[in-house]
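Me: Could you take a close look at one small part of this model for me, and then work outwards from there? Keep it casual, but do give me the numbers.

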Amino acid sequence: MINVTRSSMPSYEEYCEEIKDLWESRWLTNNGAKHRQLQTELEQYLAVPHVTLYTNGHLALEHMLDAMRFPEGSEIITTPFTFVSTTHSIVRNGLVPVFCDVNDTDYTMDVTKIEALITEKTVAIMPVHVYGNLCDVEAIDVIAKKHGLKVFYDAAHAFGVKKNGISAANFGDASMFSFHATKVFNTIEGGALCYADDKMVSLLDTLKNFGIDSPETVAFVGGNAKMNEFQAAMGICNLRHIDGEIAKRKAAVEQYRKRLSGVSGIRLCPEQAGVESNYAYFPVVFDGYRHTRDDIFAMLKEQDIIARKYFYPLTNDITCYAAMETAGADKTPVAKHLAARVLTLPLYADLTVEDVNRICDVILQ
Ligand SMILES: *Cc1c(COP(=O)(O)O)cnc(C)c1O
């Protein structure tokens with residue numbers, strides 16, 4: 001069986017060695033030594049002034065928006081071609097997601113369609129570096145500055161990605177990375193916000209610890225989203241091996257490209273100019289191929305190969321948003337077209353060239 005993903009892990013011995021200290025300190029969470037170490041190491045690895053760690057990426061997104069204190073009902077321009085978390089984080093903060101379509105090349109937000117969606121209620125843009133493809137960050141920056149909007153990137157897929165040598169953690173006002181077990185870099189569950197504004201550090205740290213700002217005062221209604229020491233220890237171990245894991249993913253992607261490039265009716269994402277990829281996902285769009293996406297999905301499954309219809313359904317097309325005025329996949333026709341045809345193929349560091357060949361044989365035959 002080949003699953004769609006398989007978590008990167010250090011050896012059992014390496015993780016045990018890393019967590020040994022915890023039996024001496026008996027300090028399991030609340031900004032412990034492992035948490036502080038991982039935070040510093042990530043600030044260096046991601047080359048960003050500040051990293052705030054979270055128990056998962058979704059809560060990092062929610063807390064980023066919560067920290068802004070936007071008026072209830074404010075609008076955030078985002079895309080529906082994403083994991084539900086992006087849209088949920090907006091709605092759970094009492095804000096309104098306004099869906100911008102994606103472009104047909106790298107499936108990130110179509111920057112030519114943003115300005116038409118801006119109203120007097122718009123406060124921010126929340127684009128997604130989907131599959132690790134970077135958004136047109138320069139164009140988004142120009143639009144945001146012109147209209148006085150904040151920019152928050154859902155960078156859950158973009159850990160370690162660089163554009164012209166600049167880490168993806170440095171774009172916009174803040175970026176969220178997910179360290180979920182299925183992501184390129186994992187802390188079992190986990191996530192982070194990356195940003196430059198010094199003033200945000202204590203605000204975010206307080207917000208993720210119930211709003212407690214001193215032993216006897218609670219400054220505001222916070223939540224609980226702290227990363228614990230076992231998660232941080234997993235992160236410290238995985239970070240030691242991350243470059244090797246990304247290199248192994250790259251080899252698998254190169255084999256996929258070799259087998260599937262130039263096949264009529266199969267579309268692959270072009271490699272982005274100047275971008276150092278993390279090879280997070282391998283999306284394939286079946287558009288005019290002799291079999292549909294759903295047929296390919298089923299044929300792979302018959303051979304015990306699990307691909308994923310990622311992202312289907314679109315977040316503006318899911319049941320819980322059916323009644324929302326801004327929902328409706330017809331408003332984002334490119335995303336709708338893609339969602340019906342895209343399949344992400346299995347991809348993880350230990351996927352072998354033979355595995356890739358087996359998967360491609362099913363698709364091509
Ligand atoms: C994984 C993911 C998230 C949520 O991250 P968790 O760490 O699982 O909470 C958000 N957005 C996107 C695009 C994701 O893929």
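**A histidine and its surroundings**

Reply: The side chain of H50 makes a polar contact with the side chain of D198, at 2.7 Å. Keep in mind that this is a predicted model, so to speak a computed picture throughout. H50 itself sits in strand 1, which covers residues 50–54. Is H50 buried or exposed? H50 counts as buried because its relative accessible area is 16%, and the cut-off for buried is under 20%.

Who else is around? Leaving out residues up to four places away in sequence, H50 touches E43, L193, C194, Y195, A196, D197, D198 and V201. So D198 turns up both in that contact list and as the polar partner. For a sense of scale, take A329: H50 and A329 are 279 residues apart in sequence, and their C-alpha atoms are 37 Å apart in space.

One of the residues touching H50 is C194, which brings us to the cysteines. C194 is buried too, since its relative accessibility is 0%. Why is C194 not bonded to C135? The closest cysteine sulfur to that of C194 is the one in C135, and at 15 Å it is too far for a bond. As general background, a disulfide is a covalent bond between the sulfur atoms of two cysteines. The count of disulfides here is zero. C100 is in no disulfide either, with the sulfur of C135 as its nearest cysteine sulfur, 10 Å away. Like C194, C100 counts as buried, because its relative accessibility is 0%.

Now for some strand pairing elsewhere in the chain. Strand 2 (residues 75–78) is buried at each of its four residues: E75 and I77 point one way, while I76 and T78 point the other. That fits the usual pattern, as side chains in a regular strand alternate between the two faces of the sheet. Strand 2 is joined by four bridges to strand 3 (residues 96–99), and these two run parallel. Within that pairing, T78 has F99 as its bridge partner. To get from strand 2 to strand 3, the chain passes through helix 4 (residues 84–91), and this β-α-β crossover is right-handed. Strand 2 also has four bridges to strand 4 (residues 122–126), again in parallel. There, I77 stands opposite I125.

F99 also leads to a loop residue, T315, which lies between helix 8 (293–302) and helix 9 (333–339). Besides F99, T315 is in contact with T79, P80, T82, F83, V84, T87 and Y321, once neighbours within four places in sequence are set aside. Despite its place in a loop, T315 is buried, because its relative accessible area is 1%.

Zooming out, the chain has ten helices and 15 strands. Its radius of gyration is 21 Å, close to the 21 Å that the globule rule gives for 365 residues, so the chain is as compact as a globular protein of that length. The C-alpha trace spans about 65 × 55 × 40 Å along its principal axes. Of the 365 residues, 53% count as buried, with H50 and T315 among them. As for contacts between residues at least 6 apart in sequence, 70% join residues at least 24 apart.

Notes
Residues are numbered from 1 along each chain as its sequence is written. This is a predicted model: local features need pLDDT of at least 70, side-chain atom pairs count only at pLDDT 80 or more; totals for chains, interfaces and linings use all residues. Side-chain values use heavy atoms; hydrogens and water are left out. Buried means under 20% relative accessible area, exposed over 50%, partly exposed in between (1.4 Å probe, protein chains only). Two strands pair if DSSP finds at least two bridges between them. A crossover is right-handed if, with the strands pointing away from the viewer, the path from the first strand over the helix to the second runs clockwise. Contact means heavy atoms within 4.5 Å. A disulfide is a pair of cysteine sulfur atoms within 2.5 Å. A polar contact is a pair of N or O atoms within 3.5 Å; within protein, one must be able to donate a hydrogen and the other to accept it, and residues adjacent in sequence count only if both atoms are side-chain atoms. The radius of gyration is taken over C-alpha atoms; the globule rule is 2.2 Å times the number of residues to the power 0.38.
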